[in-house]
Amino acid sequence: MRLGRRSVIALALITLIGVAAFGWPLLADSASGLAHSQDAPWLFAALLPLLLAVVMATIADTGLDAKAVAMLGVLAAAGAALRPLGAGTAGIEPMFFLMVLSGRVLGPGFGFVLGALSMFASALLTGGVGPWMPFQMLAMGWVTMGAGLLPGADRLRGRRELVMLAGYGAVASVAYGTVMNLQGWPYIGALASGVSFVPGDPLPENLSRFLAYCLATSLGWDLPRALVTVVASLTLGPAVLKALRRATRRAAFEAPVTFEDA
């Protein structure tokens, strides 16, 4: 599904807000006492209308209809159902491969909304509602949107496409964990001085501590997530891609609507 001008504007706006929400603590001074437990409700309140704006912009640009909305609901439910299968064990989250493949077939605009809604639905399903939820929605939306921006959507097929998607899935799985670390790291107390956030310190010093924090705490979760995504993409990818592409062809999302006399 192509990305129109209005969709680009909506996605750029929501991405800028997300980057600011994740990264502002790195630029905060030592007197700042804000935490995501306080700003998360505001971010969530801003995220929902922006998601709706992306949907409306995509509808306006491509003419999506009830069939596309139905597919969005089915894929979001499937993603939400896949997430608990790993039960959080060692970072194993099988939903990532489905999000990557869906974003590849359905495009960045549709993919962003799908990723965010899937994470929202899975949070409700697993009881994982908290100040981290809007940040998870944003991060997963970026993962799925990125898959839709990969090159060769119309011509690249077969083994090369699977290898590209598996490689992207591995990088995106690690990047997701890294970005989510940034959401909580500045507010975790009792950390060793070498990995703790120091408000007001120069950005390069805090970033070096953040890198040490990721290596010490989350890499053991991010790498298994990446491995599961790679294996699932290579083994299940052909069947899933074929099913998604067949469904989009039959739904004819972008087919022009014509009216004829009875």
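Hi everyone, let's start right inside helix H4. Met95, Phe96, Phe97, Leu98, Met99, Val100, Leu101, Ser102, Gly103, Arg104, Val105 and Leu106 of H4 are buried. In other words, H4 is mostly covered, with 12 of its 12 residues buried. Please keep in mind that we are looking at a predicted model.

Let me step back for a moment to the whole protein. There are nine helices and zero strands, so to speak a run of α-α-α-α-α-α-α-α-α when you read along the sequence. Of the 262 residues in the protein, 47% are buried. And if you take contacts between residues at least 6 apart in sequence, 80% of them join residues at least 24 apart.

Back to H4, then. How far apart are the end C-alpha atoms of H4? They are 16 Å apart, and that agrees with the 16 Å that 12 residues should span at 1.5 Å a residue. Just after H4 comes glycine 107, which has a positive phi, near 100°.

Now for the partner, helix H7. As a general point, a pair of packed helices is described by the angle between the axes and the distance between them. Here, H4 (residues 95-106) packs against H7 (residues 159-184) at an angle of about 125°, and the axes are 10 Å apart. That angle makes H4 oblique to H7. The crossing of the two, H4 and H7, is right-handed.

Which residues make the contact? From H4 we have Phe96, Val100, Leu101 and Arg104, and from H7 we have Glu161, Met164, Leu165, Tyr168, Gly169, Ala172, Ser173 and Tyr176. Sorted by class, this contact of H4 with H7 has eight nonpolar, two polar and two charged residues.

One of those residues deserves a second look: arginine 104, which sits in helix H4. Is arginine 104 buried or exposed? Its relative accessible area is 4%, under the 20% cut-off, so arginine 104 counts as buried. Leaving aside neighbours within four places in sequence, arginine 104 is in contact with Glu161, Met164 and Leu165, among others. The list also includes Ala147, Gly148, Leu150, Pro151, Gly152, Ala153, Leu156 and Arg245.

Finally, a word on helix H6, residues 133-148. With 16 residues at 1.5 Å each, H6 should span 22 Å, and the end C-alpha atoms of H6 are 23 Å apart, which agrees. H6 is largely enclosed by the rest of the structure, because 16 of its 16 residues are buried.

That's my tour, thanks for listening!

Conventions:
Residues numbered from 1 in each chain as written. Predicted model: local features only at pLDDT ≥ 70, side-chain atom pairs only at ≥ 80, totals over all residues. Heavy atoms only, no water. Axes fitted to C-alpha atoms, helices over the stretch in contact; angles between N-to-C directions. Helix = DSSP H or I, 4+ residues; strand = E, 2+ residues; numbered from the N terminus. Parallel < 35°, antiparallel > 145°, perpendicular 65-115°, else oblique. Left-handed = near helix turned anticlockwise from the far one by under 90°. Contact = heavy atoms within 4.5 Å. Nonpolar A, V, L, I, M, F, W, Y, C, P; charged D, E, K, R; others polar. Expected span 1.5 Å × (residues − 1). Buried < 20%, exposed > 50% of the residue type's maximum accessible area, 1.4 Å probe, protein only.
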